[in-house]
Amino acid sequence: MTARPTRPGSGLALGLAAAATATVASTPTQIGALVAVLAGVGTLFAARTIARREPGSRALPAALAVACLAAGLAAGGLFLGGSLRPAEWAELGPGLVGVVALGLGLLPVRESWSGRLVSLGGALVLLGVVGSGLFREAGPAFLLVAAAAGVAAWDVGRQAVLLGRQAGAAARTARSELVHAGGTLLMGGVGVGVTLALATIGIGGLSLAGLLLLLLAAVVLVASLYW
Amino acid sequence: MVALALVAAAVALLAKQPRVLLVAGVAVAYASYPHLTTPPDPSLSLDRSVDPASPAPDEPVSVRVTLRNDGDRTLPDVSVVDGVPALARVVSGTPRHATALRPGESATWTYEVAVDPGLHRFRPATVLARDASGGTEVETTVDAPTELDCPTARETRPPLDPTLPFPGAVESETSGTGTAFARLGEYHPGDPLGRIDWRRFARTGDLATVEFRERHQAAVLVCADARPAACRGPPDRIHGAARCLSGAGRLVAALADRDVPVGFASLGPSLCWHRPSRSPAAVAATRCAIAAHPALDAGYPTDEQRDEAADGDEDGEQAAAPREFERQREQLRARLDGRQLVLLSPLCDDFPVETAATLSAVAPVTVIAPDPIDSDGAGAGGRLAAVERTNRIARLRGAGVDVIEWERDEALPAALARSREGLAR
């Protein structure tokens, strides 16, 4: 029995991670780089599928080369073009590496690394979102949607790894995964809505001391949820 | 999620960027998600149909499983692993399934298994139900008793004869017809002329009858080594003890077919004992007991688990177990009563060697040794284990015990036939 992550969840997680990154990094150059990296990861998945169906074929090494070439060319083009400001790198860089890590975890390059690579990928995507919030004037709504999508990508990817271990990639798991992803996205939507509603009340006008108190209250709330 | 909330909040505070603090709001929402969903309380029923129910050996059997949510709450995330019989092989499809079930809804999936001759019993299906967030997981089992009876059809047996190549039937102590001289008895009118000792009559004038030892078909006791130490084998393959039990099932069926009184015993957490008998009811009961043997259950303590447990607490249990097995050996010795013993053991440790050597003093013993080691995938540890096992076989042969090696991926009759050829040569 193989314990590789299930396909529907893997695809969905990668899509969500890409969406999260694209929401905050939305200049044409950034989108171009993201598409190039996604194409590379997609080629890897296709190569893996072909290699599984026809063991001993030469498609996997060839596609690996093509994928690496595509990703390399895209990155190189961006560097040489030099059209990205440091702030744009700060929001795009972690996201791109995160998408690659997620892809490698779900491929998987190694079954025992899946969980850690998916968590690393999710964390990097979220780091990119936080970076974007720091350096750029993107609207809070974009930021929140990107954060929700990043968390959902991590959650769906983790679920794909878990179901891959419990049910196997050969089993039909799409329904269960869609329900799970639907629940997570719904929760994300509620979170975004509530947070935006709170934001419009106007925490911007609070003093730093007030903000600190609010933060303390949030920490106590979060802690109480876990103890 | 808590980490994300704290990181976002700290970054926001340090950079004085309220927008980043909002990210913490989303994180807190997600952190509270598992607490908003109620833990699942699965109430499920399983229906399993097999076609055909009495398959020929290696014939694909289609298994159709239907899982139904009998509760009144939706189960958003249910993973099921059907309880495939321990000695069955899944040949197509997968016994695993994951789905979401509304109240009253059911999910159906099919897969195919193939079995060796014998009685195979499906085990309860294992169900993992999670709530929508995946925060809590409930494990339960659903049972639907199903059996596969793969007959050892007479016409399928030759040319592979599953009976023992060592027909070392014990010469009985009672005298009668036979070939080996037993004693001279008093002549009774009506004794066959050919058996009267005429030389003695010429010498002394007394009539005496030669009596021979009667050749009885000796009862055979099939004994399987189902101790946790025998539950070794490559991952995802049936382990040594399970192969011993499968072989024992086939031997019992084959010997009973030939009208040989056959009994069964297994060494394990407790001694399982079915006294040798020729009656079909007793043989059927014995075969059922083998099919439902606890060593075939998923929860049976294997040696690896016991090693882990022993790491925690000191070796109190470790020391107690061998004494229990020695007690079982003594019981076996007392009940053996001169019957032929066939011991199936993967020979993973020295205990079966000692057992066979000890018991061979009181009864003829044959050891059938399934190979539990996957020589291709095994590292240095596997090679060492293989050498140790070869040494054990050599020691047994040196002690005058017949050993039949049962290779991995070999059917038992083939192993017996191979050994029979080796003897004839």
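In this predicted model, helix α4(B) is followed by B:D259, a residue with a positive phi, near 65 degrees. The helix itself covers residues 240–257 of chain B, 18 residues in total. From its first C-alpha to its last, α4(B) reaches 26 Å, close to the 26 Å expected at 1.5 Å a residue. Most of α4(B) is covered, with 16 of its 18 residues buried.

Strand β14 of chain B occupies residues 262–267. It belongs to an open sheet of six strands in chain B, ordered β15-β14-β13-β16-β17-β18, in which the pairing is mixed. The edges of this sheet are formed by β15 (272–277) and β18 (402–406) of chain B, each of which pairs on one side only. From one strand to the next, the twist averages 20 degrees.

At the β15 edge, the pairing can be followed in more detail. Strands β14(B) and β15(B) run in the antiparallel sense and are joined over four bridges. One residue pair illustrates the register: B:F264 has B:H274, in β15(B), as its bridge partner.

Helices also pack on these strands. Helix α5 of chain B, residues 280–291, lies across β14 and β15 of chain B and runs at about 155 degrees to β15(B). Helix α9 of chain B, residues 380–398, packs on the sheet as well, where it touches β17 (365–370) and β18 of chain B. The direction of α9(B) makes about 150 degrees with that of β18(B). Each of the edge strands, β15 and β18 of chain B, is thus named in a helix contact: β15(B) with α5(B), and β18(B) with α9(B).

Definitions and conventions:
Residues numbered from 1 in each chain as written. Chains lettered and ligands numbered in written order. Predicted model: local features only at pLDDT ≥ 70, side-chain atom pairs only at ≥ 80, totals over all residues. Heavy atoms only, no water. Pairing = 2+ DSSP bridges. Helix = DSSP H or I, 4+ residues; strand = E, 2+ residues; numbered from the N terminus. Axes fitted to C-alpha atoms, helices over the stretch in contact; angles between N-to-C directions. Contact = heavy atoms within 4.5 Å. Expected span 1.5 Å × (residues − 1). Buried < 20%, exposed > 50% of the residue type's maximum accessible area, 1.4 Å probe, protein only.
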